[in-house]
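Good morning, and thank you for coming. I would like to take you through one structure today, element by element. Please have the sequence and the model open before you.

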Amino acid sequence: MDFIQTSITIIPFLPLLGALVLGLFGKKIQAALGENMTGIIGCATPVIAAVLAFSSFFVLLGMEPEQRIVRVTMATWVSVAEFSVDWAFRYDTLTSMMLMIITGVGSLIHIYSMGYMHKDESFWRFFAYINLFLSAMLMLVLGDNLLIMFLGWEGVGLCSYLLIGFWFSNYDFATAGKKAFIVNRIGDLGFIVGMFLLVLYSSLNFDIVTLSFGELEERALTLSQFTIWNWPLLEVVSICFFIGAMGKSAQIPLYIWLPDAMAGPTPVSALIHAATMVTAGVYMIGRMFFIYSLAPEAMEFIALIGALTCFFAATVGMAQMDIKKVLAYSTVSQLGYMFLGMGVGSFSYGLFHLLTHAAFKACLFMAAGSIIVALHHEQDMRKMGGVLKKMPITGYSFIAATFAIMGFPGTSGFFSKDEILEGAFLSGHPILWALGFVAAGITSFYMWRAVFMTFYGEYRGDEETWDHCHEQPKRTVVPIAILAIAALLLGFLNVPDYLGGSELFSHYLEPFVVNLNHQANYVAPVLTEAEHHRHEMLEWGLMIGTVSWSLFTAFLAWFLYIKSPQTREKIMAGSSPQALFTLLANKYYVDELYDTVVVEPLGKLYRFLAKFDQKVVDGAVNGAGHLGRIFGQLAGLFDAKIVDGMVNETAWFTQIAGRGMSVLQSGRIQALVGSSLLLISGVATLLMLYLD
Amino acid sequence: MGLSAYLMVSAGLFALGMIMFISKKNTIGILMGVELVLNSAALNFMAFSYFTPSKGNQLDGQIFAIFIILLAAAEAVVALGIAIAAYKEYNHVQADELISLKG
Amino acid sequence: MHVPDLFFMFFTIFVLVTASIVAFSSNMLHSAFTLFFVLFGMAGFYVLLGGDFVAMVQLMVYAGGVNVLLIFGTMLTGDIAKPEISNLSFQGILTFFSGVSFMAVLLTVFEKTEWTLLEKGVREPTTAELGKLLLKDYILPFEVISFLLLAAMVGSVLIVLQREKD
């Protein structure tokens with residue numbers, strides 16, 4: 001208890017300390033002590049934080065399941081009338097899981113970055129930023145109330161912007177950072193509005209509003225009785241918060257920033273844009289599941305958006321040539337899975353997919369980064385091939401993670417994705433399941449396509465690069481290998497019932513994140529023996545269907561890219577496949593659509609406003625100037641004749657009066673005293689006369 | 001003799017002092033007028049101290065008389081210093097001609 | 001008529017006559033010397049009013065110190081050979097009106113006010129009591145006025161010295 005309180009107080013501030021030290025003195029440290037020392041300072045904070053996070057987790061495991069929650073209140077932040085928000089952290093099972101992901105994956109990526117960012121002149125700046133990011137992210141998941149969460153939410157957005165535009169001298173990179181920031185901002189507005197609504201309606205009914213999650217959970221039922229313009233309050237609030245999640249977690253229609261965010265250094269893509277920050281939206285929904293549970297329509301909306309995102313991003317991923325872009329769309333797609341899981345009420349499965357995804361996607365990104373560095377910053381898969389021979393550890397790690405993401409039985413992705421798809425199937429909307437199911441196959445296809453294009457076949461780049469290509473140093477490959485092992489094994493934490501498991505993970509989260517079908521007011525259908533049997537059969541059927549469909553597409557990828565590229569070329573020669581490919585390669589022209597629908601009209605509006613400003617406003621100003629001049633001349637005349645006359649008269653009068661009065665100013669003090677004496681006598685006489 | 005008798009004497013003294021103060025041309029004469037005025041005030045304090053009950057000590061008035069005497073001494077010192085300085089500057093101490101304050 | 005009343009009437013006449021001489025004499029030196037008698041008469045009043053110590057202070061500080069200072073001042077600054085020039089009066093009308101009217105006001109106020117009077121004033125030695133008062137209740141004013149005196153002395157010396165430098 002005490003240990004947990006101490007460690008969760010320390011954990012978010014450790015990286016902040018690192019960020020401060022490196023941000024303020026990093027340049028000098030790097031100049032004086034060298035790159036290694038800078039990197040060690042940068043890595044020490046997340047590693048210590050990870051040690052604390054893992055030991056806290058084991059302390060938490062030793063407690064009774066119902067009591068696995070620790071709160072720390074450090075200070076009062078805002079206190080205005082009934083609105084009173086504390087600086088408070090909350091540590092429960094959900095937080096412990098997020099903390100372990102963030103600090104664990106974070107530490108590995110920090111260590112990996114020491115290799116990746118080697119010889120970058122802004123080495124120290126990178127570590128300062130990424131430490132700051134870690135601090136903000138920890139703040140986000142530790143916050144006991146919405147405001148602290150929002151603080152972290154904004155903090156990670158800022159750091160994401162800083163890190164995407166890390167090489168800001170490149171105009172495109174800087175623009176990508178700006179895009180991420182602006183799109184995130186649109187989402188944040190939703191978050192803020194949702195928060196305001198909660199404050200408003202809470203303050204109407206309760207004496208005090210602290211916005212803490214515990215308080216919200218108690219009040220959720222009361223709040224659900226309100227409506228805004230005939231909309232149930234909680235539906236509106238849920239949608240508002242989900243808009244925030246759309247921005248942060250890259251869902252349709254606000255996903256467009258994530259692929260561009262690959263402009264940042266690869267460790268950043270791995271940590272921020274795969275493992276942690278983009279999952280903040282999922283975490284937020286998990287944290288506030290009690291509100292979402294009371295908003296069924298919002299849940300359906302989330303599930304639909306998730307499924308659509310999942311499907312569309314996966315299809316785009318099939319046609320990308322840049323290895324990081326493939327992984328980026330894959331991330332968007334996997335986030336879609338998570339939201340699909342959240343939306344159908346399988347909160348713990350969504351969160352479980354978050355966990356497994358953090359492992360395999362971070363591994364994929366880091367492996368990709370390792371290859372990119374080895375191939376002299378070549379990201380185009382068409383110029384790769386056969387790399388497995390040169391970089392076996394990286395290669396096999398990548399392949400292991402690919403097995404995980406395709407959902408090969410036994411790997412982590414298999415368990416998490418399977419549960420989500422089952423939830424979607426049972427939600428009563430088969431279309432959700434269908435989208436997810438198709439996307440699972442496509443995922444398998446584009447991931448294997450990437451593997452085959454990168455690691456197998458003949459090398460397609462130039463000779464010199466090939467000769468220099470070699471396995472990366474230990475500090476780079478060891479984290480990759482660790483994550484690859486995690487990606488393979490993490491799934492066993494949550495083996496479903498029908499496979500003979502006990503869903504450890506879901507039960508661990510249970511006291512604080514309750515799936516819809518485990519909640520008190522859920523009426524479970526009474527199953528007969530036969531129906532129960534059929535249900536189990538269905539689960540097996542779904543699983544086998546998904547797995548075989550994924551294996552089939554994997555085989556297809558092998559056939560088209562390794563066995564007979566001629567077939568692929570023959571197919572691609574046809575006009576309609578080519579058109580389809582172009583459409584996908586251009587990401588359904590969504591960026592262009594945004595340009596036409598949003599950016600261009602805005603630009604036109606600005607140009608129009610500029611014209612308007614030039615012609616009308618400036619004209620008006622000039623006209624006003626002319627008028628002013630004429631008026632000024634009139635006023636000048638008036639001034640010269642009348643005002644000056646008056647002024648002169650006044651001066652003359654003052655002079656006369658002054659001459660008269662100056663007689664009194666004889667400079668003789670005695671005269672003054674005499675006159676004042678007379679005056680005093682006069683006043684005293686008057687007073688006496690009137691007072692009697 | 002009662003309080004009002006003393007007060008009338010002091011009023012007379014005050015008037016004489018004021019007359020000196022206003023009409024004398026010589027600065028030292030003005031100073032003498034001030035001394036008369038101060039004496040009349042001190043006499044008032046003494047008289048009130050003797051004839052009327054005091055909330056504090058009965059001798060408070062006498063204390064004030066002592067302070068007045070001391071103030072008069074200080075004032076005389078400074079005023080004479082100024083008079084002598086003025087004499088050195090202008091070779092006279094005629095108040096009606098020391099009028100550099102004239103507007 | 002009691003003896004003190006007789007003394008009072010004597011001092012009244014004495015003080016007013018000598019003060020008039022001070023006020024209206026045309027010889028500055030005469031004024032300065034007559035002032036001594038005025039101050040002496042005042043000391044008499046103080047004795048009548050039970051202020052034995054104050055009367056002594058009056059004689060020693062005023063008559064013995066200040067008055068001597070004034071006489072010196074007169075002698076140093078005035079042309080004693082021409083008394084008529086040294087002690088002329090002016091602003092007669094203003095003086096008359098302001099003096100008379102103010103005295104009238106004072107007298108009216110004194111007459112009209114209803115004073116709370118003691119049954120009978122006390123005449124007994126006051127020195128010890130005054131000493132205690134000055135060093136207890138009035139210690140701060142006492143110190144301040146001591147400092148003021150010092151400052152006045154230093155200041156007057158300074159004024160005169162500066163002029164000599166020029």
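I begin with a pair of strands in chain A. Strand β1 (residues 69-80) and strand β2 (residues 83-92) of chain A pair in the antiparallel sense, over 10 bridges. Please bear in mind throughout that this is a predicted model. To give one example of the pairing, A:R71 has A:R90, in β2(A), as its bridge partner. The hairpin formed by β1(A) and β2(A) leaves 2 residues between the strands, and A:A81 there takes a positive phi near 50 degrees.

How many of the 12 residues of β1(A) are buried? The count is 1, and β1(A) is thus hardly covered. β2(A), on the other hand, is mostly covered, with 7 of its 10 residues buried.

Staying with chain A, I turn to helix α13, which runs over residues 296-318. From its first C-alpha to its last, this helix of 23 residues reaches 33 Å, close to the 33 Å expected at 1.5 Å a residue. α13(A) is also mostly covered: 17 of the 23 residues are buried.

Next, the nonpolar cores. In soluble globular proteins, nonpolar side chains tend to be buried together. In this model, the largest nonpolar core has 206 residues. The residues with the most contacts inside that core are A:F133, A:A362, A:C363 and A:A487. Which helix supplies the largest share of this core? That is helix α15 (residues 347-374) of chain A, with 18 residues.

Let us look at A:A362 in particular. Once its neighbours within four places in sequence are left aside, A:A362 is in contact with A:V105, A:I109, A:A270, A:A274, A:A275 and A:L483. Apart from the largest core lies another, of 73 residues, and among its members are B:A47, B:Y50, C:A43 and C:L48.

That second core brings me to the other two chains. Chain B contains 3 helices and 0 strands, and from the N terminus on its elements run α-α-α. Of the 103 residues of chain B, 60% count as buried. If we take the contacts in chain B between residues at least 6 apart in sequence, 47% of them join residues at least 24 apart.

Chain C has 7 helices and 0 strands. Of the 166 residues of chain C, 28% count as buried. Among contacts in chain C between residues at least 6 apart in sequence, 62% join residues at least 24 apart.

How do chains B and C meet? In this interface, 61 residues of chain B are in contact with 72 residues of chain C. On the side of chain B that touches chain C, α1 (3-23), α2 (27-51) and α3 (60-90) of chain B each supply at least two residues. The largest share of that side, 22 residues, comes from α3(B). By class, the side of chain B that touches chain C has 45 nonpolar, 10 polar and 6 charged residues.

For a single residue in this region, consider C:M42, which lies in helix α2 of chain C. Why does C:M42 count as buried? The reason is that C:M42 has 30 C-beta neighbours inside 10 Å, where 20 or more are required. Not counting residues up to four places away in sequence, C:M42 touches B:N39 and B:L43 in chain B, and C:V15 and C:Q58 in chain C. In addition, C:M42 and C:L59, 17 residues apart in sequence, are 9.0 Å apart in space from C-alpha to C-alpha.

I close with confidence. Chain C averages a pLDDT of 84, and 90% of the residues score at least 70. Where in chain C is confidence lowest, and where is it highest? The lowest mean, 55, belongs to helix α4 (residues 83-86) of chain C, and the highest, 91, to helix α2 (residues 28-48) of chain C. C:M42, discussed a moment ago, is in that helix α2 of chain C. For the complex, the predictor gives an ipTM of 0.89 and a pTM of 0.64.

Methods: Residues numbered from 1 in each chain as written. Chains lettered and ligands numbered in written order. Predicted model: local features only at pLDDT ≥ 70, side-chain atom pairs only at ≥ 80, totals over all residues. Contact = placed C-beta atoms within 7 Å. Helix = DSSP H or I, 4+ residues; strand = E, 2+ residues; numbered from the N terminus. Nonpolar A, V, L, I, M, F, W, Y, C, P; charged D, E, K, R; others polar. Core = buried A, V, L, I, M, F, W, Y, C linked by C-beta atoms within 7 Å. Expected span 1.5 Å × (residues − 1). pLDDT = per-residue confidence, 0-100. Pairing = 2+ DSSP bridges.
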